[in-house]
Protein chains: 2
Amino acid sequence: MTEQKLAIGQVAQQTGLSVDTLRYYEDLGLLDPIERAPNGHRRYGPRDLTRIDFLKRLRATGMPISQMQHYVALYRAGDSTIRERREMLEAHLDSVLAQIDMLEETRTLLERKIHAYLQQEGHSP
Amino acid sequence: MTEQKLAIGQVAQQTGLSVDTLRYYEDLGLLDPIERAPNGHRRYGPRDLTRIDFLKRLRATGMPISQMQHYVALYRAGDSTIRERREMLEAHLDSVLAQIDMLEETRTLLERKIHAYLQQEGHSP
DNA sequence: CCTTGACCTGGAGTGCACTCCAGGTTGTAT
DNA sequence: ATACAACCTGGAGTGCACTCCAGGTCAAGG
């Protein structure tokens, strides 16, 4: 019962991406062409899942798809692109840190406003 | 020279929103109708700027415009909506915290990957 | 048998948040 | 006087990232 090749629906469930999105990402070249079962159905292996997780994270933190495509293209091109890949990740890290800052500031603002509202609710509930 | 009413271009500069976006937000009711100079040009007061800053933060942290419209509508409706406004802000705060978590995880992942790449660059620079 | 559900393809459609444009007025600088 | 920049309106257009659809194949269950 310990399957290691998953159907697209199962991958969708596990990753939270939709079936459509998984095929879409493959079309865009973000995923390598997925292995097929004899009936033509996709079978995702562990490495595909790892890739999907990474991509999901990049998207969730605001990297545009075009950049992810570039990154994957570099990855495919081999070791000579390591430096550029690192630089891309560094740039994205900067963006992630900036987002964290913005979110932390907003967090404080929201907490203050919520607190103020709670005060007002206390005065005339 | 200490003006307190600003033209739309100045507001755009200060806030980082575009002139178009400022008019767009006003159309959507996110901003109250902006005061006009005799020539019909908008003059933004300090309260408008405060509002814009708040809206900007909500957007930057992922609140959809439709929700911001709802919040502003509640605000206009007066004190009886304080509770619902607080609940909205609490919900958004939850989302902000979740985003921070995701970003922190991704930050760690990126730092690890960058580190690994630096290692590899060290071996055959 | 035959229905059901998960999968397939290629291509069209959607929602969001802007962004741009045409055509026009006004106030300031040369 | 005139050129120029900044503003105005209403409406059309854009880019992104999906999401949906029609029409079809295939395997298992009743």
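Q: By what turn and what shift along the axis can chain A be laid on chain B?

A: In this predicted model, local features need pLDDT of at least 70, side-chain atom pairs count only at pLDDT 80 or more, and totals for chains, interfaces and linings use all residues. Residues are numbered from 1 along each chain as its sequence is written, chains are lettered from A and ligands numbered from 1 in the order in which they are written, and side-chain values use heavy atoms, with hydrogens and water left out. Copies are superposed by least squares on the C-alpha atoms of residues with pLDDT of at least 70 in both. Here a turn of 180° and a shift of 0.0 Å along the axis lay chain A on chain B with an RMSD of 0.0 Å. That is the relation of a two-fold axis. Within chain A, Ile100(A) has the C-alpha nearest the axis, at 3.0 Å.

Q: Why can it be said that the copies meet through the same surface?

A: The general idea rests on contact, meaning heavy atoms within 4.5 Å. Because 100% of the interface residues of chain A are also interface residues in chain B, the two copies meet through the same surface.

Q: Which residues come nearest to DNA strand C?

A: A residue is near a strand if one of its heavy atoms lies within 4 Å of it. DNA strand C has 17 residues around it, and Gly9(A), Arg23(A), Arg42(A), Tyr25(B) and Arg59(B) come nearest. Sugar or phosphate accounts for 80% of the atoms of DNA strand C within 4 Å of the protein, and bases for the rest.

Q: Which atom of Arg42(A) is 2.7 Å from a phosphate oxygen of DNA strand C?

A: A polar contact is a pair of N or O atoms within 3.5 Å; within protein, one must be able to donate a hydrogen and the other to accept it, and residues adjacent in sequence count only if both atoms are side-chain atoms. For Arg42(A), the atom is a polar backbone atom. The side chain of Arg23(A) places an N or O atom 2.6 Å from a phosphate oxygen of DNA strand C, and a polar backbone atom of Ile65(B) is 3.2 Å from a phosphate oxygen of this strand. Helix 1 (8-15) of chain A and helix 2 (19-27) of chain B are the elements that give two or more residues to this surface. Helices here are DSSP runs (H or I, at least four residues), numbered from the N terminus. The largest share, four residues, comes from helix 2 of chain B.

Q: How many residues surround DNA strand D, and which are the closest?

A: DNA strand D is surrounded by 16 residues, the closest being Tyr25(A), Gly9(B), Arg23(B), Arg36(B) and Arg42(B). Of its atoms within 4 Å of the protein, 79% belong to sugar or phosphate. Arg23(B) has a polar side-chain atom 2.6 Å from a phosphate oxygen of DNA strand D; for a polar side-chain atom of Arg59(A) the distance to a phosphate oxygen is 3.0 Å, and for a polar backbone atom of Gly9(B) it is 2.9 Å. Helix 2 of chain A gives the most to this surface, with four residues.

Q: How much space lies in the largest pocket?

A: Rolling a probe the size of a water molecule over the atoms shows where empty space is left. On a 1 Å grid over the protein atoms alone, a pocket is an open set of points where a 1.4 Å probe fits, with protein on both sides within 12 Å along at least five of seven lines, and lining residues have an atom within 4 Å of a point. The largest pocket holds about 500 Å³. Its lining has 18 residues, with Lys113(A), Arg47(B), Thr50(B), Arg51(B) and Tyr75(B) nearest its centre. Helix 3 of chain B provides the largest share of that lining, seven residues.

Q: Which residues lie nearest the centre of the second largest pocket?

A: Among its 16 lining residues, those nearest the centre are Arg47(A), Thr50(A), Arg51(A), Tyr75(A) and Lys113(B). The space in this second largest pocket is about 440 Å³. Helix 3 of chain A gives the most to its lining, with eight residues.

Notes:
Points joined across faces, edges and corners; volume = space filled by probe spheres on them.
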